[in-house]
Amino acid sequence: MVDLKPNQMVYAYHGPLIYEAKILKTKSAKDSFVLNSDLQQESLESNHKFNAKKWDNVTCYFLHYQGWNSKWDEWVGIDRILEINDENKFKKQELEQLTKRKRVKRESSVGATDSSSKNAHGNKKSKSNSAGSSSTNNSSSQSKAAKKAITVNLSFPPALKYLLVNDWQYITKDKKLVDLPSQHSVSDILQDYKIWRSKNLQAHQVSILIEILQGLEVYFDKSLSLLLLYKYENLQYLDLLKNNTITQDQSQVHVYGLEHLLRLLVSLPGLISQTTMDALSINVLISEVEELLKFLKNRIDAYQNEYVYTSPQYDSLARS
């Protein structure tokens, strides 16, 4: 990391997220003074938020988080600070997406509870309101009918369903995690499938195959933190981001493996039914995915990952 100075903009961890911050002051490990934003020296005693014992012989930085009240200004170590660059911007966005997913789930849960409570108390409405409501409901029903999702059927081999059941058991009940990075990543698996499948296809069919597989990779990266992780795995995902196992150049498809790929594939019918894809495109996609599933069914032993127990510290944080 470059030498950090007062007035410099950086990214900084605060809790699980990354925020844009400004360095207001610095204190080098060997110095007995603080350097302020005017590059003037200040005594340690004049900085009431400075903990001399905590930061003894440690270089630290006094940060102001952009858009935050100054009461949140704090001294942090270099381990909390990141340079502002594309790689760290990627981390910031991934963490925000994961947190947004948690917030949406909580709000949905609260909304469902409120709705149930209202129904239980039996809210009364006037006849005129009822008539208006009836008219609105009819209009809403017609709108929903027009937008009714199509039914998409996917033949999912029982052996792979059994693997997914075990996957759920290991993580949600036994509190284990898939050992990552996977020795056979999603990208590797799809590449193996492309080579195997291309042998029986004509040139124009291969181009369609490549387009589908590239689409699956992109969708996997985009949906992993939003749809495919169990709550217990969120902390593992955060750790993979922080230790640079997942980066812009080495995205999620290069880290996760068979189990998470199957979670995506089993969800595809519901996801596809909400899109605007035409029937022909859906049939081509589903047909290819079913071939992929057959391929995976015959290679479970080769691609399956180990599950490992977590540390007591991880378990405590993941459950909180």
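**View 1. D167 is buried, with a relative accessible area of 0%.** Buried means under 20% relative accessible area, exposed over 50%, and partly exposed in between (1.4 Å probe, protein chains only). The model is predicted: local features need pLDDT of at least 70 and side-chain atom pairs pLDDT 80 or more, while totals for chains, interfaces and linings use all residues. Residues are numbered from 1 along each chain as its sequence is written, and side-chain values use heavy atoms, without hydrogens and water. What does the side chain of D167 meet in a salt bridge? The partner is R263, at 2.8 Å from N to O. This pair links distant parts of the chain, with R263 in helix 7 and D167 in helix 3 (residues 158–173), 96 residues apart. A salt bridge is a side-chain nitrogen of Lys or Arg within 4 Å of a carboxyl oxygen of Asp or Glu. Helices (H or I, at least four residues) and strands (E, at least two) are DSSP runs, numbered from the N terminus.

**View 2. R263 also meets E233 in a salt bridge between their side chains, at 2.6 Å from N to O.** This pair, too, links distant parts of the chain: E233 sits in the loop between helix 5 and helix 6, R263 in helix 7, and 30 residues separate them. Are these two residues buried or exposed? R263 is buried at a relative accessible area of 6%, and E233 is buried at 0%. Salt bridges with shared partners join D167, E233 and R263 into one network. Side chains of opposite charge can pair when their charged atoms come close.

**View 3. R319 and D315 form a salt bridge within helix 10 (residues 312–319).** Their side chains meet at 2.8 Å, N to O. The two residues are 4 residues apart, about one turn of the helix. The structure as a whole holds 9 salt bridges.

**View 4. Helix 5 (residues 203–228) crosses helix 8 (residues 279–297) at roughly 80 degrees.** Two packed helices are described by the angle between their axes and the distance between the axes. Here the axes come within 11 Å. The crossing angle makes helix 5 roughly perpendicular to helix 8. Axes are lines fitted to C-alpha atoms, for helices over the stretch in contact, with angles from 0 to 180 degrees between N-to-C directions. Angles under 35 degrees count as roughly parallel, over 145 as roughly antiparallel, 65 to 115 as roughly perpendicular and the rest as oblique. Which residues of helix 5 meet helix 8? I208, L209, I212 and L216 do so, and they face V284, L285, E288 and L292 in helix 8. The contact residues comprise 7 nonpolar, no polar and 1 charged. Contact means heavy atoms within 4.5 Å. Ala, Val, Leu, Ile, Met, Phe, Trp, Tyr, Cys and Pro count as nonpolar, Asp, Glu, Lys and Arg as charged, and the others, Gly among them, as polar.

**View 5. S251 lies in the loop between helix 6 (234–242) and helix 7 (258–272).** S251 is buried, at a relative accessible area of 12%. Once neighbours within four places in sequence are left aside, S251 is in contact with D221 and I246. D221 is 30 residues away from S251 in sequence, yet their C-alpha atoms are 6.8 Å apart in space.

**View 6. S273 is found in the loop between helix 7 and helix 8.** Its relative accessible area is 15%, so S273 is buried. The side chain of S273 reaches the backbone oxygen of G270 at 2.8 Å.

**View 7. The peptide bond from L180 to P181 is cis, with omega near 0 degrees.** P181 belongs to the loop between strand 8 (176–178) and helix 4 (186–198). Most residues other than glycine have a negative phi, and most peptide bonds are trans.

**View 8. L39 and N244 each have a positive phi without being glycine.** Phi is near 60 degrees for L39 and about 65 degrees for N244. L39 sits in the loop between strand 3 (33–35) and strand 4 (41–43), whereas N244 is in the loop between helix 6 and helix 7. L39 is exposed, with a relative accessible area of 52%. N244, at 43%, counts as partly exposed.

**View 9. The whole protein has 10 helices and 9 strands.** Of its 320 residues, 37% count as buried. Among contacts between residues at least 6 apart in sequence, 72% join residues at least 24 apart.

Notes: Polar contact = N/O pair within 3.5 Å; in protein donor to acceptor, adjacent residues only side chain to side chain.
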